[in-house]
Amino acid sequence: MPEKLSEEQVRHVAKLCRLTVSDAEVEHFREQLEAILEYIDKLSALDVDGVEPMAHALDVTNALRPDEPSVGMAVADVLANAPKKSPPFFQVPKVLGEGRNA
Amino acid sequence: MAWDPTQTTLVNLRDAIAGSQITSVQIVQQYLDRVERYNPKLNAFTQIFADQALQRAQRVDAGDHAGPLAGIPIAIKDNMCTPYGRTTCSSRILEDFSAPYTATAVEKLEAAGAIVLGKTNLDEFAMGSSTEHSAFGTTRNPWSTDRVPGGSSGGSAVAVAADLAPGALGSDTGGSIRQPAALCGVVGLKPTYGRVSRYGLVAFASSLDQIGPFAHTVGDAALLLEVLCGPDPLDSTSVDAPGGPFHANLDQPVDGLRLGLSNQYLSDANHPSVAGAIDEAVEVFRGLGAQIVEVDLPHTEYGIATYYIVATAEASSNLARYDGVRYGRRADDAEDMIDLYCRSRSQGFGDEVKRRIMLGTYVLSSGYYDAYYLRALKVRRLIKQDFDGAFEKCDAILCPTSTGPAFKIGEKTSDPLAMYLNDIYTATANLAGIPGISIPAGHTKPLNGDPKLPVSIQLLGPLFDEARLLRIARMYEAATNHHLARPELAEAD
């Protein structure tokens, strides 16, 4: 059996993936994630010593093309979906602000 | 009516347009009329491009477009980029996203003369097996509208099943084409990984995602694959693989066919109709001269656990791009950058997407990587080796697509694990990269007031062996004619 998942771990994972979770959500996700982790722990019953990990379905490695310049996307197109912009830049809040995460 | 959408095929319509027996405008209009009548209830399409579709149909009729799909309307799952309309992935975070480029698969369809009718609903970011996890409401199964259509490509499956389009594109990461095809009673094909370019397909799990067609017949699916396949310099995982043509030789039966049957796919937990469909298919194939051989796939029971580690790990990385800065939803009143990321993502993603991002982050995190992610990659190898061994003994594996027919809306939403277990017969093909096709195999017996629901079988083949897989599927289809059945549709209340 895997170890139990704590609320603290859920908060830590949420922070790693940049999600804000309310106290009510923490317990909700904790319960569901714990059940899923318990299920996927069935893999620990298998002997995988000496098995080569498989990250990709096909036996292909690096696909290279000639290093030739080509036309990229126009700046206006790149910025077209930006929620806030100051062309030719994306606009963001202060990175080192006075906020609670500063 | 000669070209009634409920009684024809995509190939027939294509030939009729080419032979000037009917115009593309007439055909597009027929489907648009059906969309107007039936879509409000079914919610298969979330966007319709009526004016643009009719204009393009006029150009086909004027002779401006030749090609193997000239004048044929097609539905596109809304996780593929189109330069018109929006590309939302049925997520709030991409609600207003206008793609600045076109997915290669869509470009190829249009270059072949096809006309995009609209974009279809999906589980948010293709994460789900029921199309209930959509920001734009649930899609309903046309065979019984209180049932799910399956997912995540539920909108595309319903578009074809209800004859709102003669063909559609979906994407399949763990079964997202084949399972909704099965639950809606249509053909759904997941090609070999790398067969179809993923450029412009919004990424969920990059080592598993593959685009493929929905249609009423194996022939229609084969024609669509013929147009879609091929290497693409914009997707370095696409492969220049031989194997076609897929459509031309379709009616040629496979001589000396050996079909594999595995006990590991025939659980007592399946709905009784599942075993019934497999038994019937065995008889049909035997009658066609096939030899049935037993194959051993001992790691099948580890498929779901492996899949949900690999898929969520890749998803947690792929979905890191939604930061509220370059595109997509952005939260107001953020205090600083980190706060902007957290608020935008928390407001923009639904619960299932959050759950999977958290699970994927957890299995990749320090201290857990070896126990979960690395171990899953090793089991993935064992699953692939199971298939390699099986295909030494047979040409294709005959198995169920799903554990049962369409379930009720709301039945599994509160239990994510129960929802995940839907993918037990489909996810291993994605892990191994092999092609799979789901084809209609009749219906459940309406008992105790339960409605008549589609039942399907699945055929799995070796890597890049779609041509033979399609011919085998066609043998079954021609012998049974299960594909001709259509649901009785109700208009919106």
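**Helix 5 of chain B**

I started with helix 5 of chain B and listed its buried residues: Gly154(B), Gly155(B), Ser156(B), Ala157(B), Val158(B), Ala159(B), Val160(B) and Ala161(B). The helix covers residues 154-161, and 8 of its 8 residues are buried. A note to myself: this is a predicted model. Next I looked at the backbone just after helix 5 of chain B, where Asp163(B) takes a positive phi of about 55°.

**The nonpolar core**

Ala159(B) turned up again when I looked at the largest nonpolar core, which has 176 residues. Ala159(B) is among the residues with the most contacts inside that core, together with Ile74(B), Val187(B), Ile309(B) and Leu459(B). As a general reminder, nonpolar side chains tend to be buried together in soluble globular proteins.

I then picked Ile74(B) and asked which residues it touches, not counting those up to four places away in sequence. I found Leu109(B) and a run from Ala114(B) through Ile115(B) and Val116(B) to Leu117(B). Ile74(B) also touches Ala165(B), Gly167(B), Ala168(B) and Leu169(B).

**Chain B as a whole**

I stepped back to chain B and counted 15 helices and 11 strands. Its radius of gyration is 21 Å, close to the 23 Å that the globule rule gives for 493 residues, so chain B is as compact as a globular protein of that length. The C-alpha trace of chain B spans about 65 × 55 × 50 Å along its principal axes. I also noted that 62% of the 493 residues of chain B count as buried. For contacts in chain B with a separation of 6 or more, 77% come from residues 24 or more positions apart.

**Helices 8 and 15 of chain B**

How do helix 8 and helix 15 of chain B pack, at what angle and how far apart? I read an angle of about 100°, with the axes 10 Å apart, for helix 8 (residues 272-287) and helix 15 (residues 466-480). The two helices of chain B are therefore roughly perpendicular to each other. From helix 8 of chain B come Ala281(B), Val284(B) and Phe285(B), which meet Tyr476(B), Ala479(B) and Thr480(B) of helix 15 of chain B. By class, I have 5 nonpolar, 1 polar and no charged residues in this contact.

**Pro298(B)**

I checked one loop residue, Pro298(B), which lies between strand 8 (291-294) and helix 9 of chain B. Is Pro298(B) buried or partly exposed? Pro298(B) has 14 other C-beta atoms within 10 Å, and a residue needs 20 or more to be buried, so Pro298(B) is partly exposed. Leaving out residues up to four places away in sequence, Pro298(B) touches Gln264(B) and Asp386(B). I also took the C-alpha to C-alpha distance from Pro298(B) to Glu226(B): 34 Å in space, for 72 residues apart in sequence.

**Chain A**

Then I turned to chain A, which has 3 helices and 2 strands. From the N terminus on, I read its elements as α-α-α-β-β. The radius of gyration of chain A is 23 Å, well over the 13 Å that the globule rule gives for 102 residues, so chain A is more spread out than a compact globule. Its C-alpha atoms fill a box of roughly 55 × 45 × 20 Å along the principal axes. Buried residues make up 16% of the 102 residues in chain A.

Inside chain A, I looked at helix 1 and helix 2, which pack at an angle of about 100° with their axes 9 Å apart. These two helices of chain A are therefore roughly perpendicular to each other. Glu7(A), Val10(A) and Arg11(A) in helix 1 of chain A meet Val26(A), Glu27(A), Phe29(A), Arg30(A) and Leu33(A) in helix 2 of chain A. I sorted this contact into 4 nonpolar, no polar and 4 charged residues.

**Where the chains meet**

How many residues does each chain bring to the contact? I found 45 residues from chain A and 55 residues from chain B. On the side of chain A that touches chain B, helix 2 of chain A gives the largest share, 7 residues. That side of chain A divides into 30 nonpolar, 7 polar and 8 charged residues.

Last, I followed helix 2 (residues 23-40) of chain A to helix 9 (residues 303-318) of chain B: their axes come within 9 Å and cross at roughly 125°. That makes helix 2 of chain A oblique to helix 9 of chain B. Here Ile36(A), Tyr39(A) and Ile40(A) meet Ala305(B), Tyr308(B) and Ile309(B). I counted 6 nonpolar, no polar and no charged residues in this contact. Ile309(B) was already in my notes, as one of the residues with the most contacts inside the largest nonpolar core.

How values were computed:
Residues numbered from 1 in each chain as written. Chains lettered and ligands numbered in written order. Predicted model: local features only at pLDDT ≥ 70, side-chain atom pairs only at ≥ 80, totals over all residues. Axes fitted to C-alpha atoms, helices over the stretch in contact; angles between N-to-C directions. Helix = DSSP H or I, 4+ residues; strand = E, 2+ residues; numbered from the N terminus. Parallel < 35°, antiparallel > 145°, perpendicular 65-115°, else oblique. Contact = placed C-beta atoms within 7 Å. Nonpolar A, V, L, I, M, F, W, Y, C, P; charged D, E, K, R; others polar. Rg over C-alpha atoms; globule rule 2.2 N^0.38 Å. Buried ≥ 20, exposed ≤ 12 C-beta atoms within 10 Å, placed from the backbone. Core = buried A, V, L, I, M, F, W, Y, C linked by C-beta atoms within 7 Å.
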